Amino acid sequence: MSILSSQPGTAKELAALGAEWLPREPLARHTSLGVGGPADVVRIRDARRIGDLIAYIDDRGAKWRLLGGGTNLLVADEGIDDVAIHLVRDPQGLKFEGGRVEVATSSNLGTTVMECGKRNLGGMEGLVGVPGSVGGALHMNAGAYGTEIKDVVRAVTVYRGAAGRVEILWTDKVHFEYRGSSFAPDDILLSVTLELPEKPYAEILERVKQCNQKRRASQPINEKSAGCIFKNPPGVSTGKMIDELGLKGTRMGGAVVSERHANFLVNRYGATASDFVSLMDLIRERILKAYGVELEEEVIVWKN
Ligand code: EPU
């Protein structure tokens, strides 16, 4: 339970800031893995009010984390004591101007790719099936089929927790790397300006179709997962290594190594977070023993 829960008037005070108070909300409802205990969630619609909201939470001595699309997140069964801030999706999140588009980070990534495509703006087709929000994709520098989101980013508007103010960062001030970026955990990305090459919609659709086919054939897209659970070491596929060790189908409680792609762990039988943690530990040990490689998690783990 966060400190906010024990203070009277929280719901009313948050409402005055344009935010909704959801105490002890099960985070399993907000993650694609479908596991995770409770947190006090604060939902906010208007990203411009984020500074006031953070000031309110800080003043009351509570800590916070940002909940994005929940598609790359493993929350402990006990939940967390920090407040989870959730930026609600903005239905008018895309503003086009020539080859540029300003996108609210709460927007869904796949929808953004397709909306840009309809306006003959390409360059992001590979990302179409990556689940989650644009903000999460930026933080993690999401990538698939030869495209990383960093390739099309020009500027990012960010609320910098440490400085307590909104800044616009051009991409030369941001470092992106494989599944990572220089944004701090308390940077709240608000919007991003993408610069996209012109491309006929028919060509974009064709490429999207190809990527979707590849993904359907090689990834368990209809099961509950967090995408790839570990990063790839340079030049190697972690999925291939796990597969070579014969670990597909291995089960811990309700969590299973997908038979379709071994770097996907799926929630097939009402798994708990600790089932996933046990399965990850087992894989890590086996890979270290067989290949001498220490795997790095791609999934973000939330625990106290
Ligand atoms: N392979 C196997 N067995 C498996 C999985 C893969 O033999 O169980 C082999 C494939 O046959 C292929 C090679 O390994 O020869 C590479 O597989 P794949 O093309 O699926 O690529 P990957 O390196 O395993 C990466 C990303 C995915 C992304 C795909 C496609 C990481 C950790 N994974 O997977 O991203 O969708 O390439 O571009 O970087 C994610 O980040 O969550 C994610 C799913």
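A polar contact here is a pair of N or O atoms within 3.5 Å of each other. Keep that cut-off in mind as we look at the ligand in this predicted model. Glu298 meets it comfortably on paper: a polar atom of its side chain sits 2.9 Å from an oxygen atom of the ligand. Taken by itself, the ligand would expose 810 Å², and the protein buries 70% of that.

Glu298 has company. Arg179 also places a polar side-chain atom 2.9 Å from a ligand oxygen. For Ser237, an N or O atom of the side chain is 3.0 Å from an oxygen atom of the ligand.

Now widen the view to the whole shell. There are 20 residues around the ligand, and those that come nearest are Tyr145, Tyr178, Cys228, Asn232 and Asp243. Sorted by class, the shell splits into seven nonpolar, seven polar and six charged residues. Where do these residues come from? Domain 2 (94-202) and domain 3 (221-302) each supply at least three of them. As for single elements, helix α6 (residues 238-244) gives the largest share, with three residues.

Let's leave the ligand and turn to the strands. A quick reminder first: strands of a sheet pair through backbone hydrogen bonds, in either a parallel or an antiparallel way. One open sheet has four strands, and if you trace across it you meet them in the order β1-β2-β5-β3, with mixed pairing. Its edges are β1 (19-26) and β3 (64-67), and each of these has a single partner strand, so one side of each is left without a neighbour in the sheet. On average, neighbouring strands in this sheet are turned by 30° against each other, direction ignored.

Zoom in on the β1 edge. Its partner is β2 (residues 38-44); the two run antiparallel and are joined by six bridges. If you want a pair to find on screen, Glu20 stands opposite Arg43 in β2.

Next comes a hairpin. Strands β6 (residues 94-97) and β7 (residues 100-104) pair in the antiparallel sense, with four bridges between them. Leu94 stands opposite Val103 in β7. What happens at the turn? Two residues lie between the strands of this hairpin, and Gly98 takes a positive phi near 60°.

The last stop is another open sheet, this one with three strands in the order β15-β16-β17 and antiparallel pairing. Here β15 (251-252) and β17 (265-267) are the edge strands, each pairing on one side only. Between β16 (residues 255-257) and β17 there are three bridges, and the two strands run antiparallel. To locate that pairing, look for Val257, which stands opposite Leu265 in β17.

Note on methods: Residues are numbered from 1 along each chain as its sequence is written. This is a predicted model: local features need pLDDT of at least 70, side-chain atom pairs count only at pLDDT 80 or more; totals for chains, interfaces and linings use all residues. Side-chain values use heavy atoms; hydrogens and water are left out. A residue is near a molecule or strand if one of its heavy atoms lies within 4 Å of it. A polar contact is a pair of N or O atoms within 3.5 Å; within protein, one must be able to donate a hydrogen and the other to accept it, and residues adjacent in sequence count only if both atoms are side-chain atoms. Accessible areas come from the Shrake-Rupley method with a 1.4 Å probe; for residues, only the protein chains shown count as cover. Ala, Val, Leu, Ile, Met, Phe, Trp, Tyr, Cys and Pro count as nonpolar, Asp, Glu, Lys and Arg as charged, and the others, Gly among them, as polar. Domain bounds come from an automatic or database domain assignment. Two strands pair if DSSP finds at least two bridges between them. Axes are lines fitted to C-alpha atoms, for helices over the stretch in contact, and angles run from 0 to 180 degrees between N-to-C directions.
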